[in-house]
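The following exercises are meant to be worked through with the sequence and the coordinates at hand. Try each task before reading its solution.

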Amino acid sequence: MNFTYSEDQLTYRDTVAALLSCEVTADSIRARWTSAQGIDANLTQQLADMGLNALLVPESCGGLGLSELDFILLAQECGRVALPEPLVENAMAATAMLSEVASSDLAAANQCQDTLKQIATGNASVACGHWINPYVNMADTSHWLLLPHGDEVHLVSTQTVDLIAQRSSDPSRRISKVNWQPSRGTKIAGGQQGAELWRSALNRGALGVAAQLIGLAESILRRAVVFTTDREQFGRPVGANQAVKHLLADCAVSLEFAKPVIARAAYAVANSPTRADWAVSHAKVAASYAALLTVRHGMQVHGAMGYTWECDLQIWMKRCWAIDKTWGDVGFHKNRIHEWLLNPNALMGAEHTFDKSGSPSDESNSQQGAG
Amino acid sequence: MKLTYTVEEQGFRLQVRQWLVDNPPKQPLNSFDTQKGFEQHRQWEKTLASGNWGMVTWPKEYGGRGCNLIEWLIFEEEYYRAGAPLRVNQNGIFLLGPTLMEYGTDEQKERFISAMASGDEIWAQGWSEPGAGSDMAAIRSKATRDGDEYVINGQKIWSSRAVFADWVFCIFRTDPDSSRHHGLSFMLVPLDAEGVTVRPIEQLNGLPGFAEIFFDNVRIPVFNRLGEEGEGWSIAMSTAGFERGLMLRSPARFQQAAKNLMELYRAKRNDILDLSIEDAVVRCYMDAEAYALSTYQTASRLMNGGQIGAESSCNKIFWSELDLKIHDAAMRLLGARGELEADSEDASAELGGWLDGFLFAQSGPIYAGTNEVQRNIIAERMLGMPRK
């Protein structure tokens, strides 16, 4: 038992965090809002050069062959700077889904391997139009889309679909509805295999959102502390008042207790698939509560300033509000936990917090919650 | 990161489990806040000590097993799973014991630790005074040096277990010209010493779970001072750190309560019209699990050389509010029968100990530093907000 990240994981996080904090500022995010595509092409290439798009891609396809546990700290950093580029969503859901097909015995494995090699070099990108989400973010900047038709998985060229742009309350998000026609040529998986692909993509997508929410919320909390330390009323910083301190302390508590839940979920997705549904849903719910509380209190302590367009806080707040509802909202995930808890075979109690061994075969699927 | 138990850890769990099948009392004990129950619980401490299970993290020379923190968590999980009795000597073993090991002289360790581990000496805690509650640095009770002795005068209050305990650990003002956290010293006082008067205070459940202690020219040897004169505050803070940090409320207690709550919910959910009860029980289960995950993470960090800091204040807030939520949900599920005391004519097993737990849970956000004080600590020390 060792519940700590490795030195390598922490060092890699620090490297990525340093790049992001230099390259992604509130001003540069606002500049994206008025640009045609809404992304920074140079930064996108830099991130690709670091291997981030293909972090979860097997080394045989040119990726880094790392796991969700390695990615989760990076996803938090992407949230911290409110990165508009869809790195986390694409890498965690779409690209990882292609990797699963590439490593399978499906006929489309070769095609997916080729596509992954393109992604690893930064020459292609893929987004995921999961059935749980009504819209795809940044679909127009992706070369490929993974789209559902029942349980089937289709890999579709973006040029062959109609993207109907919608306007998000978060100006950093470029969401669209996708109108398309499935064909035999675009199908890469179906039946039980297709359903499993969608299910694991949902878990990874939700995990990515949970991690970003933590980063976004920690950034809001930091801004709130700085603001309430600088801003003076009644001759002293407003942050010296207990009423203000306690609002922000509550945010810190809820964030502190969400982070280990997210680490456990990433570990489960990477190492212990029979526990992934439960662990991811817990992570998504915990991150959601912590983030939305921090948005509310963080805005409150900014006073009227927090309610303005000018105040950069909106970049982080609106991202939280928007992505919180994607990849399954709190109701969806809480319901998965509820069903699991009502399962007569549910492994409840402290001795079941963790697996007995690293092998998922130790626990039968009958002990898994409903999907 | 490796979130699975090693073969050794699994073996340890089975060893604990077996011992807890064979040894705990078959009938529930009386409350340790009664004379009879106190002695029953003392006897259980002796049984634990006889198997070297009293405090598994302690070194073998003090009756422990030299376990690491992960093994301690496993022990606690099995302990609550078995429904073994509450620990009457928790002030001693969880708080004073580690402090003695850190600050005590060899002679002091020799004198106090074994007797504590064996249950021969049960400890009460004496920090608060009538004028020094949340503001502990305002204490006024004095210990005045007189040759090889200190002469103690003053008053402590809210001392848990003091009514039946044998000893109390306190901080007193040894420098009469000092103020606040300066000039304080940490003392160990036998409660049967001449000049000590213990006045029981009944808690919300009507039992004398804590007491006022009056000191009237009480003489103790200088030997009973832990650390140097004037170091009392920092030693007490390290004890408070243990208390809020890891040891006082291990997650297994709440995971077991959350599991019991789920069982109650499964039995009663179709009788309950309150739509929000589903949300409440799911959140309780999740939060109990989150507390466990967080504790494992902290334990791993400490084992890798890390330190526990202001996050112990986060812990204190989280478990005390979780305990309230769990018992609130249980009382909602029990409905109008929830008010029944266990000896009522119509009481039944279904009521479990929920009412007792519900009343006790009300004290969680108050003792060991109120949650408001903890929020101040988090804001100032963890977040860096201005003190003034």
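**Exercise 1: a salt bridge between the chains**

In this predicted model, the side chains of B:Arg375 and A:Asp250 meet in a salt bridge, with 2.6 Å from N to O. Place this pair within the contact between chain B and chain A, and state which elements of chain B contribute to it.

*Solution.* Begin with the elements: those of chain B that give two or more residues to its side touching chain A are helix 1 (7-22), helix 3 (69-81), helix 7 (251-268), helix 8 (277-303), helix 9 (311-334) and helix 11 (371-382). Of these, helix 8 of chain B gives the largest share, 16 residues. Next, sort the residues on this side of chain B by character, which yields 24 nonpolar, 11 polar and 20 charged. Finally, count the interactions between chain B and chain A: there are five salt bridges, and 23 residue pairs are in polar contact, with both residues at pLDDT 80 or more.

**Exercise 2: the extent of the interface**

Determine how many residues of each chain are in contact, and how much area chain B and chain A bury between them.

*Solution.* On the side of chain B, 55 residues are in contact with 55 residues of chain A. The two chains bury about 5,200 Å² between them, and 67% of this lies on carbon and sulfur atoms. Within the area that chain B buries against chain A, B:Met1, B:Leu3 and B:Leu293 supply 16%, which is more than any other three residues.

**Exercise 3: the setting of an aspartate**

Decide whether A:Asp324 is buried or exposed, and describe its surroundings.

*Solution.* Locate the residue first: A:Asp324 lies in helix 10 of chain A, residues 313-324. Because its relative accessibility is 2%, and buried means under 20%, A:Asp324 counts as buried. Its side chain forms a polar contact of 2.6 Å with the side chain of A:Lys325. Not counting residues up to four places away in sequence, A:Asp324 touches A:Leu213, A:Lys284, A:Ser288, A:Leu292, A:Arg319, A:Asp329 and A:Val330.

**Exercise 4: the nonpolar cores**

Which residues of the largest nonpolar core touch the most other members?

*Solution.* The largest nonpolar core holds 203 residues, and those touching the most other members are A:Phe71 and B:Phe186. Once neighbours within four places in sequence are left aside, A:Phe71 is in contact with A:Leu52, A:Leu55, A:Leu56, A:Leu87, A:Val88, A:Ala91 and A:Met92. A second, separate core of 25 residues includes B:Val88, B:Phe164, B:Cys170 and B:Ile220.

Key
Residues are numbered from 1 along each chain as its sequence is written. Chains are lettered from A and ligands numbered from 1 in the order in which they are written. This is a predicted model: local features need pLDDT of at least 70, side-chain atom pairs count only at pLDDT 80 or more; totals for chains, interfaces and linings use all residues. Side-chain values use heavy atoms; hydrogens and water are left out. Contact means heavy atoms within 4.5 Å. Buried area is the accessible area (1.4 Å probe) that two parts lose on being put together, summed over both. A salt bridge is a side-chain nitrogen of Lys or Arg within 4 Å of a carboxyl oxygen of Asp or Glu. A polar contact is a pair of N or O atoms within 3.5 Å; within protein, one must be able to donate a hydrogen and the other to accept it, and residues adjacent in sequence count only if both atoms are side-chain atoms. Helices (H or I, at least four residues) and strands (E, at least two) are DSSP runs, numbered from the N terminus. Ala, Val, Leu, Ile, Met, Phe, Trp, Tyr, Cys and Pro count as nonpolar, Asp, Glu, Lys and Arg as charged, and the others, Gly among them, as polar. Buried means under 20% relative accessible area, exposed over 50%, partly exposed in between (1.4 Å probe, protein chains only). A nonpolar core is a set of buried Ala, Val, Leu, Ile, Met, Phe, Trp, Tyr and Cys residues joined through side-chain atoms within 4.5 Å.
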